[in-house]
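Work through the following exercises with the sequence and the model at hand. Each task is followed by a solution in steps.

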Amino acid sequence: MDKEAEKAMFVAWTCEICRREFKDDHSRILECEHCEGHFCAKCVKLNDTEYDMISARKDFHWHCVGCEPRVLQSIQIEKDVEKKLAEFMAKVEYKMKTRRKRL
Ligand SMILES: [Zn+2]
Ligand SMILES: [Zn+2]
């Protein structure tokens with residue numbers, strides 16, 4: 001066994017909330033995408049089924065309670081920009097249509 005693989009085997013996650021160490025791969029731990037902190041499923045109030053559903057999805061983005069408000073805020077800003085852009089495009093389209101009618 002090489003050193004890298006050996007190291008990987010001894011990786012332990014410490015839950016940021018309960019400070020418990022989780023050493024095996026099957027522990028139900030979530031990693032916050034924003035602060036990269038680790039949280040056990042128990043502390044984030046996920047049951048086994050919910051956890052399995054989340055961890056099975058590769059496109060799922062999970063954020064801890066500390067980061068979630070910030071992440072949600074930036075998503076909201078993005079949505080607002082998108083909405084304004086959509087409104088603007090709708091106006092432009094409307095103008096073009098009415099102009100075409102007049103011609
Ligand atoms: Zn915990
Ligand atoms: Zn976080």
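**Exercise 1.** Determine in which pattern the helices and strands follow one another along the chain.

*Solution.* Helices (H or I, at least four residues) and strands (E, at least two) are taken as DSSP runs, numbered from the N terminus. Counting these runs gives 3 helices and 4 strands. Read along the sequence, they form the pattern α-β-β-β-β-α-α. The model is a predicted one, in which local features need pLDDT of at least 70 and side-chain atom pairs count only at pLDDT 80 or more, while totals for chains, interfaces and linings use all residues. Residues are numbered from 1 along each chain as its sequence is written, and chains are lettered from A and ligands numbered from 1 in the order in which they are written.

**Exercise 2.** Identify which elements have the lowest and the highest mean pLDDT.

*Solution.* The score pLDDT is the predictor's confidence in each residue, from 0 to 100. The chain average is 86, and 88% of the residues score at least 70. Among the elements, helix α1 (residues 3-9) has the lowest mean, 58, and strand β4 (residues 38-40) the highest, 94. Where pLDDT is low, predicted coordinates should not be read in detail.

**Exercise 3.** List the residues of the largest nonpolar core, and then trace the contacts of cysteine 40.

*Solution.* A residue is buried if 20 or more other C-beta atoms lie within 10 Å of its own, exposed if 12 or fewer, and partly exposed in between, with C-beta atoms placed from the backbone. Buried residues make up 8% of the 103 residues. A nonpolar core is a set of buried Ala, Val, Leu, Ile, Met, Phe, Trp, Tyr and Cys residues joined through C-beta atoms within 7 Å. The largest has 7 residues: Cys15, Leu30, Cys32, Phe39, Cys40, Val44 and Cys64. Contact requires C-beta atoms, placed from the backbone, within 7 Å. Leaving aside neighbours within four places in sequence, cysteine 40 touches Cys15, Cys18, Arg20, Phe22, Arg28 and Ile29 by this criterion.

**Exercise 4.** Locate arginine 19 and glutamate 36, and state whether each is buried or exposed.

*Solution.* Most residues other than glycine have a negative phi. Arginine 19 has a positive phi near 65°, and glutamate 36 has one of about 60°. Arginine 19 lies in the loop between β1 (13-14) and β2 (21-22); glutamate 36 is in the loop between β3 (29-31) and β4. Arginine 19 counts as exposed because it has 9 C-beta neighbours inside 10 Å. Glutamate 36 is likewise exposed, with 9 other C-beta atoms within 10 Å.

Conventions:
Contact = placed C-beta atoms within 7 Å.
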